[in-house]
Amino acid sequence: MFNSNEATAIHLAEDPKSYLPSVLGAGTRPPLANADNPAWGVGSALFVWIASIILIVVMPLLFLLPYASSKGLHAGDPNYVKALAELALSDKTAVLLQVVALFPSHVLTFVLIWAVVTRFGQQSFFAAVGWGWSGRFRFWLCVALGVGLFIVGSTLAWLLGSAKPTQLEQIINSSLAARYAISILAVGTAPFVEEFMYRGVLYAPLQKLAGAPTAVFLVLALFTIIHVPQYWPNVGVLAAVALLSIALTVIRAYTHRLLPCIIIHLVFNGIQAVLLIAEPYAQKILPASEPVNPTIVLLPLIGLMR
């Protein structure tokens with residue numbers, strides 16, 4: 001016949017994890033992952049959002065400053081800031097470096113998102129953000145919605161657009177390398193990092209605190225505001241950005257899943273990336289009175305900011 005200590009030792013040997021809460025305290029047990037009941041709060045979500053903006057601003061500078069130094073620019077010069085700004089906008093290599101710098105920015109942003117969502121590995125990332133399909137929102141419906149949103153967004157950008165080129169258009173047209181780099185960003189990192197950020201990290205605690213309608217509106221506002229610098233004064237493109245954001249956030253609220261949003265976003269950006277890559281070759285093949293310029297339609301969620 002076993003005493004209580006022997007029985008506990010046998011149970012611990014069979015299932016060590018079951019004994020941890022009693023040793024470490026009940027409060028240390030990781031909460032069950034739930035996309036609509038996140039373990040993180042609004043404060044943590046806003047911290048990650050602000051940190052992602054800082055990364056988008058600082059990382060291109062870290063790539064640009066060594067190149068500026070190699071071009072003869074030095075911090076002690078009286079006109080250093082002005083010369084650096086001119087180099088950043090006019091030099092093809094400088095522009096490309098700033099675009100390439102967004103790759104590590106996205107990687108670091110994802111690391112921050114992972115740390116907050118999983119509480120440094122204490123719970124499943126995919127379960128916490130609502131990974132998976134929901135009801136009728138399966139792959140092919142998401143593909144169709146991505147195509148439809150692209151068509152509507154392109155129409156809005158064309159009807160309400162401005163003849164003045166946006167910052168993004170200037171970057172795209174600076175060099176073929178920059179065009180390819182932006183296209184890779186559009187399908188390789190942006191749909192994932194931005195959806196994890198806006199429809200995942202930000203939306204979940206906001207809807208828990210204030211309800212789904214308020215959360216949809218706040219995510220729409222944050223998402224649109226962050227794109228104003230790169231698309232101003234093209235109101236049409238900003239309207240298309242807002243349309244995409246509200247559609248994706250409503251789908252997230254309705255399905256309680258993030259995967260449909262990522263697929264829709266990936267299709268949307270994928271079409272734009274194909275057009276961007278094809279544009280220079282189409283201009284050589286197809287004679288036209290005006291150059292074909294698909295960059296009037298948005299390539300959102302990349303976060304090209306200075």
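**Entry 1. Helices H8 and H15**

I began with helix H8 (residues 139-160) and helix H15 (residues 259-285), whose axes come within 8 Å and cross at roughly 50 degrees. The model I consulted is a predicted one. H8 and H15 are therefore oblique to each other. I noted the hand as well: H8 passes H15 in a right-handed crossing. On the H8 side, I listed Phe 139, Cys 142, Val 143, Leu 145, Gly 146, Val 147, Leu 149 and Phe 150 as making the contact. From H15, the partners are Pro 260, Ile 263, Ile 264, Val 267, Phe 268, Ile 271, Gln 272 and Leu 275. I sorted the residues of this contact by character and found 14 nonpolar, two polar and no charged.

**Entry 2. Ala 273 in H15**

I stayed with H15 and looked up Ala 273, which is found in that helix. Is Ala 273 buried or exposed? Its relative accessibility is 6%, so I recorded Ala 273 as buried, the cut-off for that class being under 20%. Leaving aside residues up to four places away in sequence, I found that Ala 273 touches Ser 183 and Val 187. I also checked Arg 179, which is 94 residues from Ala 273 in sequence, while the C-alpha atoms of the two are 8.8 Å apart.

**Entry 3. Helices H10 and H11**

Val 187 led me to helix H10, where it is one of the residues that meet H11. The axes of H10 (residues 176-188) and H11 (residues 190-210) come within 4 Å, and they cross at roughly 50 degrees. That angle makes H10 oblique to H11. I wrote down Leu 185, Ala 186, Val 187 and Gly 188 from H10, which meet Ala 190, Pro 191 and Phe 192 from H11. The residues of this contact divide into six nonpolar, one polar and no charged.

**Entry 4. The two sides of H4**

Next I examined helix H4 (residues 80-90), in which Tyr 80, Leu 84, Leu 87 and Ala 88 are buried. Viewed down the axis of H4, the buried residues fall within an arc of 100 degrees, so they line one face of the helix. I recalled the general rule that an α-helix has 3.6 residues a turn, so residues three or four places apart point the same way. What covers the buried residues of H4? I found that the cover includes helix H3 (42-70) and helix H5 (92-100). On the face turned away from the buried side, H4 carries the exposed residues Lys 82, Leu 89 and Ser 90.

**Entry 5. Positive phi values in loops**

I then turned to backbone angles, bearing in mind that most residues other than glycine have a negative phi. Phe 120, which is not a glycine, has a positive phi near 60 degrees. I located Phe 120 in the loop between helix H6 (102-118) and helix H7 (125-129). With a relative accessible area of 68%, Phe 120 is exposed. His 256 likewise has a positive phi, of about 60 degrees, although it is not a glycine. I placed His 256 in the loop between helix H14 (235-255) and H15. At 37% relative accessibility, I entered His 256 as partly exposed.

**Entry 6. The protein as a whole**

I closed with the totals. The secondary structure comes to 15 helices and zero strands. The protein has 306 residues, and 45% of them count as buried. Among contacts between residues at least 6 apart in sequence, I noted that 77% join residues at least 24 apart.

Methods:
Residues are numbered from 1 along each chain as its sequence is written. This is a predicted model: local features need pLDDT of at least 70, side-chain atom pairs count only at pLDDT 80 or more; totals for chains, interfaces and linings use all residues. Side-chain values use heavy atoms; hydrogens and water are left out. Axes are lines fitted to C-alpha atoms, for helices over the stretch in contact, and angles run from 0 to 180 degrees between N-to-C directions. Angles under 35 degrees count as roughly parallel, over 145 as roughly antiparallel, 65 to 115 as roughly perpendicular and the rest as oblique. Contact means heavy atoms within 4.5 Å. Ala, Val, Leu, Ile, Met, Phe, Trp, Tyr, Cys and Pro count as nonpolar, Asp, Glu, Lys and Arg as charged, and the others, Gly among them, as polar. Buried means under 20% relative accessible area, exposed over 50%, partly exposed in between (1.4 Å probe, protein chains only). The arc is that of the directions from the helix axis to the C-beta atoms. A crossing is left-handed if the near helix is turned anticlockwise from the far one by less than a right angle, and right-handed if clockwise.
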